[in-house]
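Notebook open, coffee poured. I want to look up a few side chains, strands and helices here, and jot down what turns up.

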Amino acid sequence: MTKAKKKNQWAGWGPGEHPEQHYLVTPRHLAGGGDLRYITEYLRASGWTDKSKTGGPLVFDSPDRSIRVGYDPFVQPGGWTISAKPTPGQEAWVATFGPRLPVEIVAGFTDALTQPCTAHAPNVWEPLHAHGWHSERAPHVQASSPDGTTFLQFHQTGPGQAMWWARAANEHGIAWHATFTSTTPMHLIAAFTTALAHPDPVMRPRGHVPPSRHTRTRSMSVTPSQLRAWQQTRITAARATTWARNTTTRRPGTTPAGPRRTAGGSYARR
């Protein structure tokens, strides 16, 4: 092996592993769907119940069964549907995400479902403005990305008729839609906008980067063990947070069980 090839390798490559070409893609909102397990493995590690059936849509229920996260690729247009039952102090709500919305952005929303609600309602526009998104107020309140390909809009047509709507498009047409009913908790929408506007690139395997003149890519070589390690770091963090929360809410006089050890996740091509 030449010295040049050795310099381009990642530290920690295992014996016999072969590097695979991936790409870091910006802006992230045009990077394509990605690996579903980025979301589902986090939910599982956070104590959510996998209700999926073999060969059917993905379905996960929250520990208290008040929220359901589903992904259905078998219907049109398909994608994610997150629904919540009414609870004391909170009306029912529904959020939908198209199948080509990057999982890293969807995860901003779904990760927040596993965490305690904030004490105050955050400003959902602030993460967008912090990264140079442009605001408009007519005919609806809206913020658009600096490249003009994506927007978030609060759409109200009359009393009691309001919704949040986001969309991304490139020169080939609409890439994805996202919708939130007006009753969707503000801290969840703020988590979505934070992930949507985040400037860091996301990684996609070769052949999984949607072509567009609006995207920029940087090639990199990684191995399966490197990808598994990154995914495992995320899963471990979710498991530790869940264990700590369950420990603090456990009844006095009981002994909490330690976190379970499970096999690590991996990055799969779709």
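I started with Phe97, which counts as buried at 2% relative accessibility; buried means under 20% relative accessible area, exposed over 50% and partly exposed in between, with a 1.4 Å probe and protein chains only. A note to self before going further: this is a predicted model, where local features need pLDDT of at least 70, side-chain atom pairs count only at pLDDT 80 or more, and totals for chains, interfaces and linings use all residues. Residues are numbered from 1 along each chain as its sequence is written, and side-chain values use heavy atoms, with hydrogens and water left out.

**Entry: confidence.** I checked pLDDT, the predictor's confidence in each residue from 0 to 100. The chain has a mean of 87, and 86% of its residues reach 70 or more. Over residues 1-13 the value is below 50, and this stretch has 13 contacts beyond near neighbours in sequence; a contact means heavy atoms within 4.5 Å. Residues 252-270 are also below 50, with 39 such contacts in the model.

**Entry: the strand around Phe97.** Which side chains of strand S6 point to the face that is buried? I found Trp93, Ala95 and Phe97 there, while Val94 and Thr96 point to the other face and are not buried. That fits the textbook picture, in which side chains of a regular strand alternate between the two faces of the sheet. S6 covers residues 93-97; strands (E, at least two residues) and helices (H or I, at least four) are DSSP runs, numbered from the N terminus.

Next I looked up the partners of S6. Two strands pair if DSSP finds at least two bridges between them. Strand S5 (residues 79-84) runs antiparallel to S6 and is joined to it by five bridges, with Trp80 standing opposite Phe97. Strand S11 (residues 173-181) also pairs with S6 in the antiparallel sense, over three bridges. There, Ala178 is the residue opposite Phe97.

**Entry: aromatic rings.** The rings of Phe, Tyr and Trp (its six-membered ring) pair if their centres lie within 6.5 Å; planes under 30 degrees apart count as stacked, over 60 as edge-to-face and the rest as tilted. I get 10 aromatic pairs in the structure. One of them is Phe97 with Phe180, edge-to-face at 5.6 Å centre to centre and 75 degrees between the planes. Phe97 is in S6 and Phe180 in S11, so this pair ties together parts that are 83 residues apart in sequence. Phe180 is buried, with a relative accessible area of 1%.

The pair of Phe154 and Trp164 is tilted, because its planes are at 55 degrees, with ring centres 4.8 Å apart. Phe154 lies in strand S9 and Trp164 in strand S10, 10 residues apart in sequence. Are these two buried or partly exposed? Phe154 is partly exposed at 24%, whereas Trp164 counts as buried at 6%.

I also noted one aromatic cluster, formed by Trp93, Phe97, Phe109, Phe180 and Phe192.

**Entry: helix H5.** Phe192 took me to H5, where it is one of the buried residues. Of the 12 residues in H5, 10 are buried, so the helix is largely enclosed by the rest of the structure. They pack against S6, H3, helix H4 (126-129), S9 (150-158), S10 (161-170) and S11. I checked the length of H5 (residues 186-197) too: its end C-alpha atoms are 16 Å apart, which agrees with the expected 16 Å. The expected span is 1.5 Å times one less than the number of residues.

**Entry: salt bridges.** My rule is a side-chain nitrogen of Lys or Arg within 4 Å of a carboxyl oxygen of Asp or Glu. How many salt bridges does that give? The count comes to six.

Glu104 and Arg204 meet at 2.8 Å, N to O. This pair links helix H3 (residues 103-113) to strand S12 (residues 202-205), 100 residues apart. Glu104 is buried at 14%, and Arg204 is buried at 1%.

Arg234 and Asp111 have their closest N and O atoms 2.9 Å apart. Arg234 is in helix H6 (residues 224-249) and Asp111 in H3, so the bridge ties together parts that are 123 residues apart in sequence.

Asp50 and Arg44 come to 2.6 Å between their closest N and O atoms. Here Asp50 is partly exposed at 35%, and Arg44 is partly exposed at 34%. Both belong to a salt-bridge network with Glu41.
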